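Dear colleague,

I am handing over the structure below for your records and would be grateful if you could look through it. A summary of the findings follows directly after it.

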Amino acid sequence: MRIVVVDDHGGVAEMTSRMLAGALHCDALRPMTSLAEATTRLPREAPDLVLLDNRLEDGRGVELFTRFKRTLPDTRWLMCSAYLSAHTLHEAFALGINGT
């Protein structure tokens, strides 16, 4: 399994990637720290799991999910953010995010 963390805090993204790779015994791709970077890399790297922050410097994680849910149909998406409101949770699940 190949996982990637998308989070605008590079240190948090790196630490989370390493922790997940060790715990799940899987390959962690280099973290992505912006919507722009993820938009460029996700189609090429096609991870099995994306752990996604919703608040990125250049956009929202749900925008990224909406953009790629059809072109990466086998990818699972989990949203993990310190800024998840009830509205954001409802929006994420309504769009089809796999979990928070």
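The paragraphs below describe the sheet, an aromatic pair and several individual residues. Please note that this is a predicted model.

**The sheet and helix H1**

Four strands make up an open sheet with parallel pairing, arranged in the order S2-S1-S3-S6. The edges are taken by strand S2 (27-28) and S6; each has a single partner strand, so one side of each is left without a neighbour in the sheet. Helix H1 (residues 10-24) packs on this sheet, where it touches strand S1 (2-6), S2 and S3. The direction of H1 makes about 155° with that of S1.

At the S6 edge, the partner is strand S3 (residues 49-52), and the two pair in the parallel sense over 4 bridges. Within this pairing, Val50 stands opposite Trp77 in S6.

**The aromatic pair**

Trp77 also takes part in an aromatic pair with Phe65. A pair of aromatic rings is described by the distance of the centres and the angle of the planes. For Phe65 and Trp77, the centres are 5.4 Å apart and the planes stand at 75°. Angles over 60 degrees count as edge-to-face, and the pair is therefore assigned to that class. The count of aromatic pairs comes to 1.

The pair links distant parts of the chain: Phe65 belongs to helix H3 (residues 61-68) and Trp77 to strand S6 (residues 76-79), with their positions 12 residues apart in sequence. Both Phe65 and Trp77 are buried.

**Residues with positive phi**

Two residues other than glycine may interest you for their backbone angles. His25, in the loop between H1 and S2, has a phi near 55°. Its relative accessibility is 72%, so His25 counts as exposed. Ala46, in the loop between helix H2 (35-45) and S3, has a phi near 35°. With a relative accessible area of 37%, Ala46 is partly exposed.

**Gly96**

Finally, Gly96 lies in the segment that comes after helix H4 (86-95). Is Gly96 buried or partly exposed? The relative accessible area of Gly96 is 35%, which means that the residue is partly exposed. Gly96 and Asn54 are 42 residues apart in sequence, and their C-alpha atoms are 14 Å apart in space.

Yours sincerely

Methods. Residues numbered from 1 in each chain as written. Predicted model: local features only at pLDDT ≥ 70, side-chain atom pairs only at ≥ 80, totals over all residues. Heavy atoms only, no water. Phe/Tyr/Trp six-rings, centres within 6.5 Å; stacked < 30°, edge-to-face > 60°. Buried < 20%, exposed > 50% of the residue type's maximum accessible area, 1.4 Å probe, protein only. Pairing = 2+ DSSP bridges. Contact = heavy atoms within 4.5 Å. Axes fitted to C-alpha atoms, helices over the stretch in contact; angles between N-to-C directions.
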